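Please look through the sequence and the model below before reading on. The paragraphs after it are meant to be read with both in view.

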Amino acid sequence: MWLSYSFYDAYLSLKDYKKAEFWAHNRLKAVSSDIDTGPYTDLGVVNYELGQYDKAYEYFDIAYQGGQARAFKERPKKYLDFYLKEAKNKK
């Protein structure tokens with residue numbers, strides 16, 4: 001899981017979002033805990049950056065349901081803002 005995150009993070013930093021998405025999916029396969037929201041947030045981030053906002057919302061929603069704002073703690077504020085705005089619009 002750590003190795004998948006390292007590759008995800010490297011490709012995200014390089015703005016190679018398709019490769020980052022591949023590694024985020026690999027990381028998701030290794031989730032061993034219901035409270036591990038990181039892989040879902042990671043997938044939300046790459047889908048957001050790829051302009052796939054519906055998919056980004058779906059992953060962010062899973063992460064938020066599992067950890068509330070804590071799921072976005074280490075991420076730029078724009079992702080939580082996006083999620084909260086979309087969640088409000090879906091009510």
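What follows is a walk through salt bridges, buried positions, loops and a pocket.

This is a predicted model, in which local features need pLDDT of at least 70 and side-chain atom pairs count only at pLDDT 80 or more, while totals for chains, interfaces and linings use all residues. Residues are numbered from 1 along each chain as its sequence is written, and side-chain values use heavy atoms, with hydrogens and water left out.

A few terms are needed from the start. Helices are DSSP runs of H or I with at least four residues, strands are runs of E with at least two, and the numbering goes from the N terminus. A residue is called buried under 20% relative accessible area, exposed over 50% and partly exposed in between, using a 1.4 Å probe and protein chains only. A salt bridge is a side-chain nitrogen of Lys or Arg within 4 Å of a carboxyl oxygen of Asp or Glu, and contact, or touching, means heavy atoms within 4.5 Å.

By the salt-bridge rule the count comes to seven. One of them joins Arg 27 and Asp 42, whose side chains meet at 2.3 Å, N to O. This pair links distant parts of the chain, since Arg 27 belongs to helix H2 and Asp 42 to helix H3, 15 residues apart. Arg 27 counts as buried at 11% relative accessibility, and Asp 42 is buried as well, with a relative accessible area of 1%.

Another salt bridge lies within helix H2, where the closest N and O atoms of Lys 18 and Glu 21 are 3.2 Å apart. Why are Lys 18 and Glu 21 separated by about one helical turn? The reason is that they stand three residues apart in helix H2. Glu 21 is buried, with a relative accessible area of 7%, and a network of salt bridges links Lys 18, Glu 21 and Lys 55. A further salt bridge is formed by Asp 16 and Lys 19, with their closest N and O atoms 3.9 Å apart; Asp 16 is partly exposed at a relative accessible area of 25%, and Lys 19 is partly exposed at 42%.

Glu 21 and Lys 55 appear again around Asn 47, a residue of helix H3. Not counting residues up to four places away in sequence, Asn 47 touches Glu 21, Gln 52, Tyr 53, Lys 55, Ala 56 and Tyr 59. Asn 47 is buried, with a relative accessible area of 0%.

The loop between helix H2 (17-29) and helix H3 (38-49) holds Asp 36. Which side chain of opposite charge is nearest to Asp 36? It is Arg 27, 4.4 Å away, and Asp 36 is buried yet has no salt bridge; in this reckoning Lys and Arg count as positive and Asp and Glu as negative, while His and the chain ends are not counted. A polar atom of the Asp 36 side chain lies 3.3 Å from the backbone nitrogen of Gly 38. Leaving out residues up to four places away in sequence, Asp 36 touches Met 1, Arg 27 and Val 31.

Thr 37 has its place in the loop between H2 and H3 too, and is buried with a relative accessible area of 6%. Neighbours within four places in sequence aside, Thr 37 is in contact with Ala 63, Gly 66, Gly 67, Arg 70 and Ala 71.

Two other loops contain residues with a positive phi. Lys 15, in the loop between H1 and H2, has a positive phi of about 65 degrees although it is not a glycine, and at 59% relative accessibility Lys 15 counts as exposed. Gln 68, found in the loop between helix H4 (53-67) and H5, has a positive phi of about 55 degrees and is likewise not a glycine; Gln 68 is partly exposed, with a relative accessible area of 41%.

Finally, there is the largest pocket. A pocket is an open set of points, on a 1 Å grid over the protein atoms alone, where a 1.4 Å probe fits, with protein on both sides within 12 Å along at least five of seven lines, and its lining residues have an atom within 4 Å of a point. The largest pocket is lined by 17 residues, of which Tyr 8, Leu 12, Val 45, Arg 75 and Pro 76 lie nearest its centre. Two or more lining residues come from each of helix H1 (2-13), H2, H3 and helix H5 (77-89), and H1 gives the most, with five residues.

Methods. A polar contact is a pair of N or O atoms within 3.5 Å; within protein, one must be able to donate a hydrogen and the other to accept it, and residues adjacent in sequence count only if both atoms are side-chain atoms.
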